[in-house]
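The following exercises concern one protein model and its bound ligand. Each task sentence is followed by a solution in steps.

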Amino acid sequence: MKIAIIGTGYVGLTTAAVFSELGNEVIGVDIDQDKIERLKKGEVPIFEPTLAEYLDRNSKAGRLSFTTSYKDAVDGAEVIFICVGTPSQSDGKPDSSFILNAAEEVAKNLKSYAVMVIKSTSPIGIGQQLNDLIAKHTKEDFDLAACPEFLREGTAVEDSFNPDRIVIGTKNKKAEKILLDLHKPLPGERVLCDIKSAQLIKYASNAFLATKISFANAIAIICEKTGANVKKVMQGMGIDSRIGSSFLNAGLGYGGSCLPKDISAFIALSSDLDYDFNLLKSVEKINNDQIQNFVSKITNSLGFESPKNLKGVKIAVLGLAFKPNTDDIREAPSLKIIRLLLDSGAQITAYDPKAMENTKKVFPNIEYAKNPYSAATDANALVIITEWPEFREMDLEKIRKNLKKPIIVDGRNIFEKNRMAELGFKYLGIGI
Ligand code: UGA
């Protein structure tokens with residue numbers, strides 16, 4: 001089957017990798033000429049484990065190619081995935097203009113029947129708008145569907161080959177059959193529904209994941225006030241199969257390009273429907289408050305009343321990416337925390353295994369270290385922001401010797417409190 005993929009970001013490239021690996025002829029299109037040139041040369045513009053191998057193998061096998069030409073991509077494609085971005089606008093609502101532009105370009109170049117599939121997270125109701133727009137620009141027969149994406153950055157390829165569910169949103173039987181056939185080699189339960197329900201499954205899923213995280217963070221505050229341990233509380237809760245243990249890690253809250261954007265979009269879209277989504281507003285507020293609470297914890301650990309002038313205080317920051325196994329710093333807690341610390345006059349030395357290059361574009365003037373040990377050298381405190389596996393393996397004796405004061409403030413609870421006390425650290429986590 002020939003498949004066109006519009007947009008070569010995380011979702012587009014991963015979709016391209018999966019469907020070409022499954023033997024389809026896939027062509028990826030993007031308006032960004034530079035990106036397409038790099039992809040043609042075999043360069044992958046994002047860091048995502050195993051993605052480069054899949055793209056390389058399938059390009060060499062002649063099943064995968066990239067172009068800036070909608071004409072070449074759309075010609076003969078039976079399924080066209082729209083995977084372009086839907087960035088947040090200032091009112092929180094998603095900007096659908098990239099989807100609308102992509103659909104218009106596809107329509108103008110359509111020469112035979114195709115199923116157009118929205119993979120991007122997009123406002124509920126965009127289906128009708130797209131139908132009208134496409135019909136205006138083509139005389140060809142087409143159907144519209146929504147197949148939302150549930151992949152996580154860092155495990156995008158693995159998630160796409162092993163999805164929990166495949167949502168196929170269309171009321172048209174022909175389109176449904178084509179999409180069921182296309183997804184046949186993949187595991188996961190099929191959810192067949194209309195376009196709006198498919199779109200809502202995506203928003204509701206991300207909202208629920210964010211709710212679990214903020215719930216854990218709210219319980220962490222209660223734990224700190226009572227002396228309980230949030231790790232144990234969440235373990236005890238998560239064993240209940242009705243609750244489930246994932247996404248109950250208290251910490252610095254959710255970041256990244258998806259959850260924060262989708263939560264504010266969902267709040268704004270609900271408000272348009274005359275529904276005040278107070279639950280989600282609280283989820284968002286708890287998430288935002290985590291940052292200031294953490295910075296106060298750092299300043300308190302140093303013996304200052306917050307807010308206080310941290311002039312001359314050196315703080316080692318471990319972890320810049322919004323989560324481990326990615327170089328992505330979009331909406332990363334690290335950026336807000338570093339900003340607040342710099343505003344208080346602190347001096348920052350940061351280390352991250354993958355995200356330093358991206359962070360240098362935001363903070364060109366802070367120091368960057370080669371490893372955790374040199375970051376810790378002569379620092380008044382060490383702060384853990386991202387739970388990279390290598391931080392769990394650190395030689396803590398060496399870290400303690402390098403630090404000016406043996407203070408660790410851990411935003412991800414990666415160590416055991418008692419062990420850290422035994423090693424001579426003043427160790428503060430979140431709700432432990
Ligand atoms: C998220 C969803 O998990 C995917 O299913 C979805 O497809 C994607 O958004 C999207 O909408 O495209 P992602 O943003 O890659 O994926 O990252 P997650 O692994 O979900 O982590 C999100 C944030 O929550 C991270 O900042 C992470 O540190 C934080 N988190 C996660 C916690 O603070 N506690 C937890 O227990 C779990």
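**Exercise 1. The ligand and its shell**

Task: Identify the polar contacts of the ligand, and then describe the residues that surround the ligand.

Solution.

Step 1. Begin with the backbone: an N or O atom of the main chain of Asn249 is 2.9 Å from an oxygen atom of the ligand. A backbone N or O atom of Leu248 lies 3.4 Å from a ligand oxygen atom. A polar contact is a pair of N or O atoms within 3.5 Å; within protein, one must be able to donate a hydrogen and the other to accept it, and residues adjacent in sequence count only if both atoms are side-chain atoms.

Step 2. Turn to the side chains: an N or O atom in the side chain of Lys202 is 2.7 Å from an oxygen atom of the ligand.

Step 3. Assess the cover: on its own the ligand has 720 Å² of accessible area, of which the protein covers 91%. Accessible areas come from the Shrake-Rupley method with a 1.4 Å probe; for residues, only the protein chains shown count as cover.

Step 4. Assign the shell to elements: helix 9 (195-226) and helix 11 (259-272) are the elements that give two or more residues to the shell. Helix 9 supplies the largest share, four residues. Helices (H or I, at least four residues) and strands (E, at least two) are DSSP runs, numbered from the N terminus.

Step 5. Count the shell: 21 residues surround the ligand, and the closest are Phe150, Leu151, Glu153, Lys202 and Asn206. A residue is near a molecule if one of its heavy atoms lies within 4 Å of it. The shell divides into ten nonpolar, four polar and seven charged residues. Here Ala, Val, Leu, Ile, Met, Phe, Trp, Tyr, Cys and Pro count as nonpolar, Asp, Glu, Lys and Arg as charged, and the others, Gly among them, as polar.

The model is predicted: local features need pLDDT of at least 70, side-chain atom pairs count only at pLDDT 80 or more, and totals for chains, interfaces and linings use all residues. Residues are numbered from 1 along each chain as its sequence is written, and side-chain values use heavy atoms, with hydrogens and water left out.

**Exercise 2. Ser205**

Task: Is Ser205 buried or exposed, and with which residues is Ser205 in contact?

Solution.

Step 1. Ser205 is located in helix 9.

Step 2. Ser205 counts as buried because its relative accessibility is 18%. Buried means under 20% relative accessible area, exposed over 50%, partly exposed in between (1.4 Å probe, protein chains only).

Step 3. Apart from neighbours within four places in sequence, Ser205 is in contact (heavy atoms within 4.5 Å) with Phe150 and Arg165. The side chains of Ser205 and Arg165 are joined by a polar contact of 3.1 Å.

**Exercise 3. Helix 13**

Task: Which residues of helix 13 are buried, and against which elements do they pack?

Solution.

Step 1. In helix 13 (residues 333-343), the buried residues are Pro333, Ser334, Leu335, Ile337, Ile338 and Leu341.

Step 2. These buried residues pack against helix 12 (278-301), strand 9 (314-318), strand 10 (347-351) and helix 14 (356-362).

Step 3. Gly345, which follows helix 13, has a positive phi near 95 degrees.

**Exercise 4. Gly62**

Task: Where is Gly62 placed?

Solution.

Step 1. Gly62 is in the loop between helix 3 (51-60) and strand 3 (64-67).

Step 2. With a relative accessible area of 58%, Gly62 is exposed.

Step 3. Gly62 and Ser20, 42 residues apart in sequence, are 9.3 Å apart in space, C-alpha to C-alpha.
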